[in-house]
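Here are a few notes to read alongside the model, written as one colleague to another. Please keep the structure open as you go through the points.

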Amino acid sequence: MLTGGLHHLSIRTTDLGRAKRFYIGTMGFHAIRETDGVVLLNAHGTLLGLLGAAPETSPGDRFDPFRVGLDHLALAVDNADSLCELKQQLDAAGVRNNGVEDDTLTGARYIAFYDPDGIAWELYSMPASAAKTNTTRGVA
């Protein structure tokens with residue numbers, strides 16, 4: 001199956017207005033289009049759809065990375081040195097996060113954080129040597 005890569009991601013939220021404020025105001029994504037129950041955002045080059053709650057969505061539902069499906073989403077960060085500043089920005093915005101951590105599998109540094117519905121995100125910085133190795137192997 002030939003594809004051109006990932007086109008977009010969509011996530012279901014319990015409160016579309018709250019999610020829109022978080023992703024635009026805190027994350028700095030840009031709104032592209034908004035219709036009833038859907039907001040399309042440019043997430044630094046990736047299309048992200050925010051979907052409002054469906055009738056089947058429990059108001060108390062929260063993301064669980066241990067259920068089958070999405071575990072987390074990761075945004076690339078060019079420079080691991082910027083992670084400390086990014087953590088300060090998350091803290092100032094009241095965004096729950098785990099601080100700067102090391103990924104023992106990849107050698108990367110990252111910050112895991114959570115949106116208002118508890119969806120897990122990462123700000124992820126691959127070491128230059130690992131990124132180059134993965135690109136030459138066709139992994140990146």
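1. Does Asn97 count as buried or exposed? Asn97 counts as buried, because its relative accessibility is 16%, and the cut-off for buried is under 20%. Do keep in mind that this is a predicted model.

2. Let us stay with Asn97, which sits in strand 6 (residues 97-102). The side chain of Asn97 makes a polar contact of 2.8 Å with the side chain of Asp91. A polar atom of the Asn97 side chain also lies 3.0 Å from the backbone oxygen of Val95. Setting aside neighbours within four places in sequence, the contacts of Asn97 are Lys87, Leu90, Asp91, Ile111, Ala112 and Phe113.

3. Next, please look at helix 1, which spans residues 16-26. Its residues Leu16, Ala19, Phe22 and Tyr23 are buried. These four lie on the same side of helix 1, because they cover an arc of only 130 degrees around the axis. The general background is that an α-helix has 3.6 residues a turn, so residues three or four places apart point the same way.

4. What covers that buried side? The cover over the buried residues of helix 1 includes strand 1 (8-12), strand 3 (38-43) and strand 4 (46-51), along with strand 7 (109-114) and strand 8 (120-125). On the face turned away from the buried side, helix 1 carries the exposed residues Arg21 and Gly25.

5. The ends of helix 1 are worth a look too. At the N-terminal end, Asp15 acts as a cap, with a side-chain oxygen 3.2 Å from the backbone nitrogen of Gly17. After helix 1 comes Gly28, which has a positive phi near 80 degrees.

6. You may also want to check His44, in the loop between strand 3 and strand 4. His44 is not a glycine, yet its phi is positive, at about 55 degrees. His44 is exposed, with a relative accessible area of 60%.

7. Finally, the chain as a whole. The protein chain has 3 helices and 8 strands, in the order β-α-β-β-β-β-α-β-β-β-α along the sequence. Its radius of gyration is 16 Å, which agrees with the value near 14 Å for a compact globule of 140 residues. Buried residues make up 31% of the 140 residues. Of the contacts between residues at least 6 apart in sequence, 47% join residues at least 24 apart. The accessible surface of the protein chain is about 9000 Å², and 53% of that belongs to carbon and sulfur atoms.

Note on methods. Residues numbered from 1 in each chain as written. Predicted model: local features only at pLDDT ≥ 70, side-chain atom pairs only at ≥ 80, totals over all residues. Heavy atoms only, no water. Buried < 20%, exposed > 50% of the residue type's maximum accessible area, 1.4 Å probe, protein only. Helix = DSSP H or I, 4+ residues; strand = E, 2+ residues; numbered from the N terminus. Arc of directions from axis to C-beta. Contact = heavy atoms within 4.5 Å. Polar contact = N/O pair within 3.5 Å; in protein donor to acceptor, adjacent residues only side chain to side chain. Rg over C-alpha atoms; globule rule 2.2 N^0.38 Å. Areas by Shrake-Rupley, 256 points an atom, 1.4 Å probe, with all protein chains shown as cover.
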